[in-house]
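Biologist: I'm new to reading models like this one, and I get lost once the strands and helices start to overlap. Could you zoom in on a small sheet for me, strand by strand, and then show me what else is worth a look?

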Amino acid sequence: MPDPHDPSQNHLLAALPADEYARLLPDLELVPMPFGEVLYESGEQMRYVHFPVTSIVSLLYVMEDGASAEIAIVGNEGVVGVSLFMGGETTPSRAVVQSAGHAYRLRGQLLKDEFNRFGGRRSGALHNLLLRYTQVLLTQMAQTAVCNRHHSLDQQLCRWLLLSFDRLPSNELVVTQEMIANMLGVRRESVTEAAGNVQRAGLIEYTRGRIAVIDRPGLEARACECYGVVRKELDRLLPETATH
């Protein structure tokens, strides 16, 4: 049976010119991404970058007392491990698989070699794509901080759901209220109330840890402006996929 996964399911890899895509292809390793797997911890040396294809990864900031809050999510639009190619090697955040699936991983040194291939005379397509994606990620982080400070939990939940569904191949998200609470940095009881409000409005169906969108336009209308800001920046900075 043929493998249903392909690196071009990741939008960054799909946008590469054919020659750069072909050069990376032999070194891209398909790996399972089980729910809850930690890809890296705060301060840990990174060895790989991951290009999700059917999984979603949450970037969390963890406090000294163990409390956490999500600062960004990464799915098939991006890459996990920007600190590695930005020169930092480590980051104060933790990367955890939020929605199970698969990703293609690439050894960090190979990525650095690709960055240095042109000897500073000009930048390759991968280099430029990853820098633009980093700007998208920074926008998402900044907007998340603003959203958590100024908008209602109902709005935050709608934003979070929209960002998650944008990165999934299906219209169903498997997630517990406890996990959503950890992502948004609030109590589980607050998530129960917010999810109930959104469900009673006819926008989602939430049963036994599974959320399905019933009314996408309605969900977008109920979300705050933050979702639109992040979506617009993604569409502005990252090109349409190429054909290899």
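Modeller: Let's start with the small sheet and then move outwards to the other sheet, the helices and the cysteines.

A quick warning before we dive in: this is a predicted model, where local features need pLDDT of at least 70 and side-chain atom pairs count only at pLDDT 80 or more, while totals for chains, interfaces and linings use all residues. Residues are numbered from 1 along each chain as its sequence is written, and side-chain values use heavy atoms, with hydrogens and water left out.

Your small sheet is open and has 3 strands in the order 8-10-9, paired antiparallel. Strand 8 (172-174) and strand 9 (204-207) sit at the edges with a single partner strand each, so one side of each has no neighbour in the sheet. On average, neighbouring strands here are turned by 15 degrees against each other, direction ignored. Strands, by the way, are DSSP runs of E with at least two residues, helices are runs of H or I with at least four, and both are numbered from the N terminus. Two strands pair if DSSP finds at least two bridges between them.

Now for the strands one by one. Strand 8 is joined to strand 10 by 3 bridges, running antiparallel, and Val174 stands opposite Arg210 in strand 10. On the other side, 4 bridges tie strand 9 to strand 10 (residues 210-213), again antiparallel. Here Ile204 has Val213 as its bridge partner, and Glu205 faces Ala212. Strands 9 and 10 also make a hairpin with 2 residues between them, and Arg208 in the turn has a positive phi of about 50 degrees.

The other sheet has 4 strands in the order 2-6-4-5, and it is open and antiparallel too. Its edges are strand 2 (38-40) and strand 5 (68-74), each with a single partner strand, so one side of each is left without a neighbour. The twist averages 35 degrees from one strand to the next. Strand 2 connects to strand 6 (residues 93-99) through 2 bridges, and Val38 stands opposite Val96.

Helices lie across this sheet. Helix 6 (residues 153-166) lies across strand 4 (56-62), strand 5 and strand 6, at about 35 degrees to strand 5. Helix 7 (residues 177-184) lies across those strands as well, but at about 95 degrees to strand 5. Axes are lines fitted to C-alpha atoms, for helices over the stretch in contact, and angles run from 0 to 180 degrees between N-to-C directions.

Two other helices meet each other: the axes of helix 4 (residues 108-116) and helix 5 (residues 125-150) come within 8 Å and cross at roughly 110 degrees. That makes them roughly perpendicular, a label for 65 to 115 degrees, with under 35 roughly parallel, over 145 roughly antiparallel and the rest oblique. In contact (heavy atoms within 4.5 Å), Leu111, Glu114 and Phe115 of helix 4 meet Leu126, His127 and Leu130 of helix 5.

Last, the cysteines. A disulfide is a pair of cysteine sulfur atoms within 2.5 Å, and the count comes to 0. The sulfur of Cys226 is 3.8 Å from its closest cysteine sulfur, in Cys224, too far for a bond. For Cys158 the closest is also in Cys224, at 8.5 Å, again too far. Cys158 is buried, with a relative accessible area of 0%; buried means under 20%, exposed over 50% and partly exposed in between, using a 1.4 Å probe and protein chains only.
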